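Student: Could you take me through the interior of this protein, with a close look at one helix and how its sides are turned? I would like one connected account rather than a list.

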Amino acid sequence: MTVDDKIGVKIAVKDLHKAFGDNEVLKGIDADVVNGEVVCVIGPSGSGKSTFLRCLNKLEDITSGTVVVDGHDLTDKKVDLDKVRQHIGMVFQHFNLFPHMTALENVMLAPVETKQQTKAEAKESALKLLDQVGLSDRAHYKPANLSGGQKQRVAIARALAMSPSIMLFDEATSALDPEMVGEVLQVLRDLAKGGMTMVVVTHEMGFAHEVADRVIFMADGVIVEEGTPEQIFGSPQHSRTQDFLNKVL
(Lines give C-alpha, C1' and ligand atoms only; values in the text may rest on other atoms or scores of the structure.)
Protein backbone atom coordinates (compact mmCIF):
# COMPACT_ATOMS: atom_id res chain seq x y z
CA MET A 1 0.00 0.00 0.00
CA THR A 2 1.23 3.49 -0.81
CA VAL A 3 0.09 6.67 0.86
CA ASP A 4 -1.85 7.49 -2.34
CA ASP A 5 -4.22 4.62 -1.60
CA LYS A 6 -5.73 6.83 1.08
CA ILE A 7 -5.25 10.45 0.14
CA GLY A 8 -3.65 12.44 2.93
CA VAL A 9 -3.16 9.53 5.32
CA LYS A 10 0.23 9.82 7.07
CA ILE A 11 -0.18 6.82 9.38
CA ALA A 12 -2.41 3.80 8.72
CA VAL A 13 -2.66 1.15 11.46
CA LYS A 14 -4.51 -2.08 10.73
CA ASP A 15 -5.29 -4.85 13.24
CA LEU A 16 -2.22 -4.03 15.34
CA HIS A 17 -1.39 -6.59 18.03
CA LYS A 18 1.50 -6.43 20.47
CA ALA A 19 2.27 -9.07 23.08
CA PHE A 20 5.03 -9.27 25.66
CA GLY A 21 5.20 -13.01 26.23
CA ASP A 22 1.71 -14.10 27.30
CA ASN A 23 0.64 -10.52 28.02
CA GLU A 24 -1.26 -9.11 25.05
CA VAL A 25 -0.99 -5.34 25.42
CA LEU A 26 -2.56 -4.30 22.10
CA LYS A 27 -5.51 -6.37 20.93
CA GLY A 28 -6.27 -5.27 17.38
CA ILE A 29 -5.90 -1.52 16.87
CA ASP A 30 -7.23 0.16 13.72
CA ALA A 31 -6.42 3.86 13.32
CA ASP A 32 -5.54 6.40 10.62
CA VAL A 33 -3.87 9.77 11.10
CA VAL A 34 -4.20 12.24 8.25
CA ASN A 35 -1.76 14.95 7.24
CA GLY A 36 -1.81 17.91 9.63
CA GLU A 37 -4.06 16.19 12.15
CA VAL A 38 -3.50 16.35 15.91
CA VAL A 39 -4.63 13.14 17.59
CA CYS A 40 -4.58 12.91 21.39
CA VAL A 41 -4.63 9.45 22.95
CA ILE A 42 -6.08 9.25 26.45
CA GLY A 43 -6.93 6.43 28.83
CA PRO A 44 -6.00 4.80 32.13
CA SER A 45 -2.51 3.57 32.99
CA GLY A 46 -1.79 0.18 31.48
CA SER A 47 -4.24 0.64 28.60
CA GLY A 48 -1.52 0.30 25.94
CA LYS A 49 -1.24 3.98 24.93
CA SER A 50 2.55 4.23 25.07
CA THR A 51 3.02 0.82 23.46
CA PHE A 52 0.73 1.92 20.61
CA LEU A 53 2.78 5.09 20.15
CA ARG A 54 6.09 3.18 20.18
CA CYS A 55 4.77 0.85 17.48
CA LEU A 56 4.23 3.83 15.17
CA ASN A 57 8.00 4.07 14.59
CA LYS A 58 8.65 0.43 15.47
CA LEU A 59 10.50 1.12 18.69
CA GLU A 60 8.49 -1.94 19.76
CA ASP A 61 8.42 -5.01 17.55
CA ILE A 62 4.96 -5.57 16.12
CA THR A 63 3.44 -8.98 16.91
CA SER A 64 0.94 -8.84 14.04
CA GLY A 65 -0.94 -6.34 11.91
CA THR A 66 0.48 -3.47 9.88
CA VAL A 67 1.70 0.07 10.50
CA VAL A 68 2.11 2.10 7.31
CA VAL A 69 3.86 5.47 7.62
CA ASP A 70 4.04 7.71 4.54
CA GLY A 71 3.45 4.66 2.37
CA HIS A 72 6.12 2.51 4.08
CA ASP A 73 4.95 -0.66 5.81
CA LEU A 74 7.09 -0.88 8.95
CA THR A 75 6.43 -4.63 9.18
CA ASP A 76 8.04 -5.19 5.78
CA LYS A 77 11.55 -6.55 6.35
CA LYS A 78 12.79 -4.64 3.28
CA VAL A 79 11.83 -1.24 4.69
CA ASP A 80 14.74 1.01 5.70
CA LEU A 81 13.54 1.81 9.22
CA ASP A 82 16.28 4.36 9.87
CA LYS A 83 15.22 6.29 6.78
CA VAL A 84 11.53 6.25 7.78
CA ARG A 85 12.39 7.29 11.36
CA GLN A 86 14.24 10.36 10.09
CA HIS A 87 10.81 11.78 9.27
CA ILE A 88 9.28 10.89 12.66
CA GLY A 89 10.22 12.96 15.69
CA MET A 90 9.58 11.44 19.12
CA VAL A 91 9.58 13.08 22.53
CA PHE A 92 9.51 10.88 25.61
CA GLN A 93 8.41 11.35 29.20
CA HIS A 94 12.07 11.57 30.22
CA PHE A 95 14.27 13.94 28.31
CA ASN A 96 17.21 11.63 27.44
CA LEU A 97 19.53 14.58 26.76
CA PHE A 98 23.26 14.00 26.69
CA PRO A 99 24.42 15.52 30.00
CA HIS A 100 27.93 16.43 28.77
CA MET A 101 26.57 18.47 25.85
CA THR A 102 25.01 21.92 25.84
CA ALA A 103 21.43 22.45 24.69
CA LEU A 104 22.79 23.64 21.34
CA GLU A 105 25.03 20.58 20.93
CA ASN A 106 22.16 18.22 21.82
CA VAL A 107 20.02 19.76 19.07
CA MET A 108 22.85 19.80 16.50
CA LEU A 109 23.88 16.19 17.02
CA ALA A 110 21.48 14.16 14.85
CA PRO A 111 21.61 16.33 11.68
CA VAL A 112 25.43 16.26 11.79
CA GLU A 113 25.68 12.53 12.60
CA THR A 114 23.33 11.59 9.74
CA LYS A 115 25.32 13.92 7.43
CA GLN A 116 22.18 15.86 6.59
CA GLN A 117 23.87 19.11 7.57
CA THR A 118 27.34 20.54 8.06
CA LYS A 119 28.18 21.75 11.57
CA ALA A 120 27.64 25.33 10.49
CA GLU A 121 24.23 24.54 8.98
CA ALA A 122 23.24 22.46 12.02
CA LYS A 123 24.25 25.26 14.39
CA GLU A 124 22.20 27.84 12.48
CA SER A 125 19.19 25.53 12.39
CA ALA A 126 19.56 24.55 16.06
CA LEU A 127 19.70 28.18 17.21
CA LYS A 128 16.46 28.86 15.30
CA LEU A 129 14.80 25.83 16.89
CA LEU A 130 15.90 26.83 20.39
CA ASP A 131 14.46 30.28 19.72
CA GLN A 132 11.24 28.61 18.50
CA VAL A 133 10.87 26.81 21.85
CA GLY A 134 11.80 29.93 23.81
CA LEU A 135 15.32 28.91 24.82
CA SER A 136 17.68 31.01 22.72
CA ASP A 137 19.18 32.38 25.95
CA ARG A 138 19.93 28.84 27.20
CA ALA A 139 21.75 27.53 24.11
CA HIS A 140 25.07 27.11 25.93
CA TYR A 141 23.65 25.63 29.15
CA LYS A 142 24.12 21.96 29.94
CA PRO A 143 21.08 19.92 31.06
CA ALA A 144 22.14 20.04 34.73
CA ASN A 145 21.60 23.81 34.63
CA LEU A 146 18.16 23.64 33.04
CA SER A 147 14.74 23.16 34.65
CA GLY A 148 12.62 20.15 33.77
CA GLY A 149 10.45 22.21 31.45
CA GLN A 150 13.51 23.66 29.73
CA LYS A 151 15.01 20.19 29.25
CA GLN A 152 11.79 18.96 27.67
CA ARG A 153 11.74 21.95 25.33
CA VAL A 154 15.33 21.16 24.30
CA ALA A 155 14.18 17.56 23.67
CA ILE A 156 11.39 18.88 21.42
CA ALA A 157 13.86 21.12 19.54
CA ARG A 158 16.17 18.11 19.13
CA ALA A 159 13.31 16.04 17.66
CA LEU A 160 12.45 18.90 15.27
CA ALA A 161 16.08 19.19 14.11
CA MET A 162 15.59 16.38 11.59
CA SER A 163 12.66 18.27 10.01
CA PRO A 164 10.14 15.49 10.72
CA SER A 165 6.72 15.44 9.09
CA ILE A 166 5.23 13.57 12.08
CA MET A 167 5.77 14.21 15.80
CA LEU A 168 4.97 11.63 18.50
CA PHE A 169 4.71 12.72 22.14
CA ASP A 170 4.65 10.12 24.90
CA GLU A 171 3.39 11.77 28.11
CA ALA A 172 5.78 14.65 27.45
CA THR A 173 4.65 16.57 30.55
CA SER A 174 4.12 13.81 33.10
CA ALA A 175 7.62 14.07 34.62
CA LEU A 176 7.36 17.84 35.08
CA ASP A 177 6.42 19.98 38.04
CA PRO A 178 2.95 21.50 37.51
CA GLU A 179 4.25 25.05 36.89
CA MET A 180 6.47 23.77 34.06
CA VAL A 181 3.73 21.86 32.24
CA GLY A 182 2.30 24.99 30.64
CA GLU A 183 5.51 26.05 28.91
CA VAL A 184 5.85 22.65 27.21
CA LEU A 185 2.18 22.50 26.22
CA GLN A 186 2.55 25.95 24.64
CA VAL A 187 5.26 24.58 22.33
CA LEU A 188 2.91 21.75 21.34
CA ARG A 189 0.12 24.28 20.69
CA ASP A 190 2.44 26.27 18.43
CA LEU A 191 3.42 23.12 16.51
CA ALA A 192 -0.25 22.21 16.07
CA LYS A 193 -1.03 25.71 14.76
CA GLY A 194 1.84 25.32 12.30
CA GLY A 195 0.18 22.23 10.79
CA MET A 196 2.45 19.53 12.21
CA THR A 197 0.96 16.01 12.16
CA MET A 198 1.00 14.94 15.81
CA VAL A 199 0.03 11.93 17.91
CA VAL A 200 0.06 12.88 21.59
CA VAL A 201 -0.35 10.44 24.47
CA THR A 202 -1.39 12.69 27.33
CA HIS A 203 -3.18 12.91 30.65
CA GLU A 204 -3.68 16.67 30.20
CA MET A 205 -7.39 16.62 29.39
CA GLY A 206 -7.68 20.39 29.01
CA PHE A 207 -4.91 20.36 26.41
CA ALA A 208 -6.52 17.45 24.54
CA HIS A 209 -9.86 19.26 24.55
CA GLU A 210 -8.31 22.48 23.25
CA VAL A 211 -5.80 21.28 20.66
CA ALA A 212 -6.84 17.85 19.35
CA ASP A 213 -8.67 17.39 16.08
CA ARG A 214 -9.54 13.91 17.30
CA VAL A 215 -9.37 12.13 20.66
CA ILE A 216 -8.83 8.38 20.97
CA PHE A 217 -9.80 6.74 24.26
CA MET A 218 -7.97 3.48 24.92
CA ALA A 219 -8.55 0.91 27.64
CA ASP A 220 -7.43 -2.71 28.04
CA GLY A 221 -5.47 -2.72 24.77
CA VAL A 222 -8.28 -1.58 22.47
CA ILE A 223 -9.70 1.69 21.16
CA VAL A 224 -12.95 1.98 23.07
CA GLU A 225 -14.14 5.23 21.52
CA GLU A 226 -12.86 8.06 19.32
CA GLY A 227 -14.23 11.33 18.07
CA THR A 228 -13.87 15.09 18.24
CA PRO A 229 -12.99 16.61 21.62
CA GLU A 230 -16.58 17.82 21.85
CA GLN A 231 -17.90 14.28 21.33
CA ILE A 232 -15.49 12.57 23.72
CA PHE A 233 -15.50 15.13 26.52
CA GLY A 234 -19.01 16.47 26.00
CA SER A 235 -21.06 13.36 25.30
CA PRO A 236 -19.02 10.13 25.54
CA GLN A 237 -21.06 7.15 24.35
CA HIS A 238 -19.28 4.26 26.05
CA SER A 239 -19.65 3.59 29.78
CA ARG A 240 -15.90 2.90 30.04
CA THR A 241 -15.13 6.35 28.64
CA GLN A 242 -17.71 7.97 30.91
CA ASP A 243 -16.26 6.24 33.98
CA PHE A 244 -12.70 7.32 33.11
CA LEU A 245 -13.64 10.95 32.46
CA ASN A 246 -15.71 11.12 35.66
CA LYS A 247 -12.53 10.24 37.57
CA VAL A 248 -10.14 12.60 35.83
CA LEU A 249 -12.24 15.70 35.07
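Tutor: In this predicted model, the buried residues of helix α9 pack against β3 (38–42), α7 (205–211), β9 (214–219), β10 (222–227) and α8 (229–234). The residues of α9 (239–248) that are buried are T241, F244 and L245, and because they cover an arc of only 95° around the axis, they lie on the same side of α9. The face turned away from that buried side carries S239, N246 and K247, which are exposed.

From this helix we can turn to the interior more widely. Nonpolar side chains tend to be buried together in soluble globular proteins. Here the largest nonpolar core has 53 residues, of which I42, L130, I156, M167, F169 and M198 touch the most other members; helix α6 (residues 178–193) gives the most to this core, with eight residues. Taking M198 as an example, and leaving aside residues up to four places away in sequence, its contacts are E37, V38, V39, M167, F169, L188, L191 and A192. A second core, separate from this one, has 27 residues, including V13, C55, V84 and M218.

There is also some enclosed empty space, with one cavity of 30 Å³ or more, and the largest cavity has a volume of about 50 Å³. The residues that line the largest cavity are E171, A172, T173, L185, L188, V200, V201, T202 and F207, with α6 and β8 (197–201) as the elements that give two or more residues to the lining. By class, this lining has six nonpolar, two polar and one charged residues.

Conventions
Residues are numbered from 1 along each chain as its sequence is written. This is a predicted model: local features need pLDDT of at least 70, side-chain atom pairs count only at pLDDT 80 or more; totals for chains, interfaces and linings use all residues. Side-chain values use heavy atoms; hydrogens and water are left out. A nonpolar core is a set of buried Ala, Val, Leu, Ile, Met, Phe, Trp, Tyr and Cys residues joined through side-chain atoms within 4.5 Å. Buried means under 20% relative accessible area, exposed over 50%, partly exposed in between (1.4 Å probe, protein chains only). Helices (H or I, at least four residues) and strands (E, at least two) are DSSP runs, numbered from the N terminus. Contact means heavy atoms within 4.5 Å. On a 1 Å grid over the protein atoms alone, a cavity is a set of points where a 1.4 Å probe fits but cannot get out, and a pocket is an open set with protein on both sides within 12 Å along at least five of seven lines; lining residues have an atom within 4 Å of a point. Grid points are joined across faces, edges and corners, and a volume is the space filled by probe spheres set on the points. Ala, Val, Leu, Ile, Met, Phe, Trp, Tyr, Cys and Pro count as nonpolar, Asp, Glu, Lys and Arg as charged, and the others, Gly among them, as polar. The arc is that of the directions from the helix axis to the C-beta atoms.
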